[in-house]
Structures are given as C-alpha cells and as structure tokens.
Amino acid sequence: MKTLEDFKDGQVLLLDKPLHWTSFQAVNKLRWAIRKSFSIKKIKVGHAGTLDPLATGLLVICTGKMTKQINTFQGQEKEYTGTFVLGSTTPSYDLETEIDATFPTDHITKDLIHQTTNQFVGKIEQLPPVFSAIKKDGKRLYEFARAGEAVEIKSREVEISEFEITEIKGLELKFKVVCSKGTYIRSLAHDFGKALNSGAHLSELRRTRIGEFRVKDALSPEDFIATLPLEK
C-alpha cells in the first residue's frame with residue numbers, strides 16, 4: 001500500500017478513464033481521494049494527455065515530483081482503437097453533436113477501404129476539429145464552435161506510424177491507430193470519409209497505449225481508490 005510520502009515523492013498512476021468523464025474530472029477524483037485518505041490539504045496531481053469525454057482508456061496521471069515528467073510522457077507515441085461510421089458527418093467529427101450531412105456509400109468496397117488507409121500513414125497535415133480544446137485568441141476552439149462563431153484553424157503536421165482497419169461491419173469500421181502527440185482521431189475519421197468520397201465520423205474511441213504504458217495495466221477510479229488506506 002502506498003504511503004503519503006510515496007505520493008509526494010512521485011507516482012505514475014495508470015487510470016482507465018470511464019466514458020463521459022473529462023480528464024479533468026478524473027484527475028480531481030484521484031486528487032480528492034488521496035487528500036481525503038491522508039487527511040492533507042493539497043498534493044500535486046496532473047495528467048499526461050487529455051482524452052475526450054466520449055473516449056475511454058489510458059490516462060497517465062502523475063503525483064508529486066513526477067508531475068515534472070508530464071511533458072515527457074505527453075510527447076510519447078500513442079495507440080488507439082475504435083470505430084468509424086461511414087456515410088455521415090457531424091460538426092464535432094464524433095457523437096458530441098448531431099449528424100449534419102449524409103453521403104452515398106454504394107461505391108465503397110473493402111478493397112477501397114483498405115487501400116485508402118495508405119494515404120494516412122506517415123507524416124500528414126491535419127486540421128484539428130473546431131470542437132477541441134486548442135486555444136486561439138485566449139479562447140478554446142469549442143467555445144467559438146458552441147457560440148456558432150466561425151474561426152480560422154491552422155493545419156498541423158502529425159505522424160501516423162500504423163493505421164489498420166481491423167473489422168468491417170456494414171458502415172462501421174473498427175480500427176487501430178499508432179500516432180504522434182497532437183493527432184486527432186476525430187479528424188482522421190473525417191478526413192478518411194472524405195478520401196472515400198463519402199463522409200465519416202468517430203463513434204467510439206479507446207486509448208490503449210502511451211509509450212510503454214498500457215491500458216491493460218490500468219485501474220478504474222474505484223479500484224485505485226480501493227488501494228488507498230482508509231481515512232482515520
């Protein structure tokens with residue numbers, strides 16, 4: 001069982017983020033649990049890479065002196081699995097917003113799907129979704145989007161080292177992606193649909209790895225809290 005000194009000296013905690021939780025909520029939950037367990041007023045806790053509320057999977061959370069390593073962990077390669085849905089788009093590129101357009105899909109074959117993945121392997125230019133937490137002029141992009149304000153977004157170079165369609169079930173494509181920091185899988189879904197002369201959006205996302213850290217070694221928030229000593 002970890003002691004208070006362990007958490008202050010620095011721990012790397014692997015958390016399996018539940019669906020609908022923000023990364024901020026996950027950090028707050030763990031910070032609150034550690035403070036309550038050891039009856040302390042404050043302790044440094046931070047995460048190494050945001051996950052959207054509609055995504056699940058690996059959050060690397062650092063405590064105490066290990067928070068100095070957050071930037072290092074954030075820069076490491078990431079692996080995701082999930083589902084694209086062909087034939088329709090949404091403004092957020094995922095299920096946060098309603099479908100805004102539909103497209104024909106009769107021309108799409110399994111061969112075309114697999115061939116099209118090759119266009120996205122290597123260094124590519126990608127436009128982040130307007131529904132994202134990137135800051136512009138002191139505001140988050142999603143604040144502009146939710147207010148219905150148009151905003152110019154600059155593309156960024158990202159690197160995708162692996163992109164594989166692992167299963168095709170009608171219009172649903174299961175995938176696995178290994179990519180660099182800053183890659184938006186929602187944007188990949190949107191751009192993949194365009195490359196197929198159709199539309200697509202992300203319906204499911206799970207982060208399975210950051211560097212050497214794997215989600216199979218992660219705990220749920222409840223299981224982590226159960227490892228803490230009971231408050232005296």
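## Salt bridges and the enclosure of helix H6

The side chains of Asp-52 and Arg-186 form a salt bridge, with an N to O distance of 3.1 Å. Asp-52 belongs to the loop between strand E2 (45-47) and strand E3 (55-63), whereas Arg-186 belongs to helix H6, so the pair ties together parts that are 134 residues apart in sequence. The model discussed here is predicted. Asp-52 is partly exposed, at 28% relative accessible area, while Arg-186 is buried, at 4%. Salt bridges with shared partners join Asp-52, Arg-186 and Asp-94 into one network.

Helix H6 (residues 185-195) is largely enclosed by the rest of the structure, because eight of its eleven residues are buried. Among these buried residues are Ile-185, Leu-188, His-190 and Phe-192. Just after H6, Asn-197 adopts a positive phi of about 55°.

The count of salt bridges comes to eight. Three of them are set out below, with N to O distances.

| Salt bridge | N to O distance |
|---|---|
| Asp-52 and Arg-186 | 3.1 Å |
| Arg-209 and Glu-79 | 3.7 Å |
| Glu-204 and Lys-174 | 3.4 Å |

Strand E12 contributes to two of the listed pairs. Arg-209 in strand E12 (residues 200-210) pairs with Glu-79 in strand E4 (residues 78-86), a link between distant parts of the chain, 130 residues apart. Arg-209 is buried, at 9% relative accessibility, and Glu-79 is likewise buried, at 13%.

Glu-204 also lies in strand E12, and its partner Lys-174 lies in strand E11 (residues 172-179), so this salt bridge ties together parts that are 30 residues apart in sequence. Glu-204 is partly exposed, with a relative accessible area of 42%; Lys-174 is partly exposed, at 27%.

Definitions and conventions: Residues numbered from 1 in each chain as written. Predicted model: local features only at pLDDT ≥ 70, side-chain atom pairs only at ≥ 80, totals over all residues. Heavy atoms only, no water. Buried < 20%, exposed > 50% of the residue type's maximum accessible area, 1.4 Å probe, protein only. Helix = DSSP H or I, 4+ residues; strand = E, 2+ residues; numbered from the N terminus. Salt bridge = Lys/Arg side-chain N within 4 Å of Asp/Glu carboxyl O.
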